[in-house]
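Trainee: I should like to learn how charged and nonpolar features are read from a model. May we work through one case together?

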Amino acid sequence: MTSVKKQTQVRLEEDVLAAGKAAAAARRLDFNKYVERLIIEDTTGARAAGMAAAQRFIDEHGAFLDDLEAQFDAPYADPQPGAAA
């Protein structure tokens, strides 16, 4: 099955284009594929579903994660007496 792609032109502010290209590169995608994915995720509800799942996770486990982070940070919170700064 062959997919026919249509070409379009999008005008973006220079900093928006640079941020988009950097985001695409970070995901190892070319810019066109990155934009295509953003549109698909936005129009199919996939992004909203993922964000809702992330929010549920934070709601259910956020206090535990905050406590865990505090435990990991505790040794670095106060310098030990006599320790070099």
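Mentor: Let us begin with a pair on one helix: Lys33 and Glu36 both lie in helix H2, 3 residues apart, which is about one turn of the helix. Helices here are DSSP runs (H or I, at least four residues; strands are E, at least two), numbered from the N terminus. The model is predicted, so local features need pLDDT of at least 70 and side-chain atom pairs count only at pLDDT 80 or more, while totals for chains, interfaces and linings use all residues. Residues are numbered from 1 along each chain as its sequence is written, and side-chain values use heavy atoms, with hydrogens and water left out.

Trainee: What do the side chains of Lys33 and Glu36 form?

Mentor: In general, side chains of opposite charge can pair when their charged atoms come close. The criterion for a salt bridge is a side-chain nitrogen of Lys or Arg within 4 Å of a carboxyl oxygen of Asp or Glu. Lys33 and Glu36 satisfy it, with 3.5 Å from N to O. Salt bridges with shared partners join Lys5, Lys33 and Glu36 into one network.

Trainee: How many salt bridges does this rule give?

Mentor: The count is 2. Glu36 also meets Lys5 in a salt bridge, at 3.4 Å from N to O. Glu36 lies in helix H2 (residues 31-44) and Lys5 in the segment before helix H1 (14-26), so this pair ties together parts that are 31 residues apart in sequence.

Trainee: Which of these two residues, Glu36 or Lys5, is exposed?

Mentor: Buried means under 20% relative accessible area, exposed over 50%, and partly exposed in between (1.4 Å probe, protein chains only). Lys5 is exposed at 58%, whereas Glu36 is partly exposed at 29%.

Trainee: Which residues make up the patch of negative charge on the surface?

Mentor: Patches consist of residues with over 30% relative accessible area and no salt bridge; like charges are joined within 9 Å, and nonpolar side chains (Val, Leu, Ile, Met, Phe, Trp, Tyr) within 5 Å. Asp and Glu count as negative, Lys and Arg as positive, and His and the chain ends are not counted. The negative patch gathers Asp66, Asp67, Glu69 and Asp73. Asp66 belongs to helix H3 (residues 46-77) and is exposed, at 52% relative accessibility.

Trainee: Which residues form the nonpolar patch?

Mentor: Phe57, Ile58, Phe64 and Leu65 form it, with about 400 Å² of accessible area together. Phe64 is placed in helix H3.

Methods
Accessible areas come from the Shrake-Rupley method with a 1.4 Å probe; for residues, only the protein chains shown count as cover. The place of a charge is taken as NZ of Lys, CZ of Arg, CG of Asp or CD of Glu.
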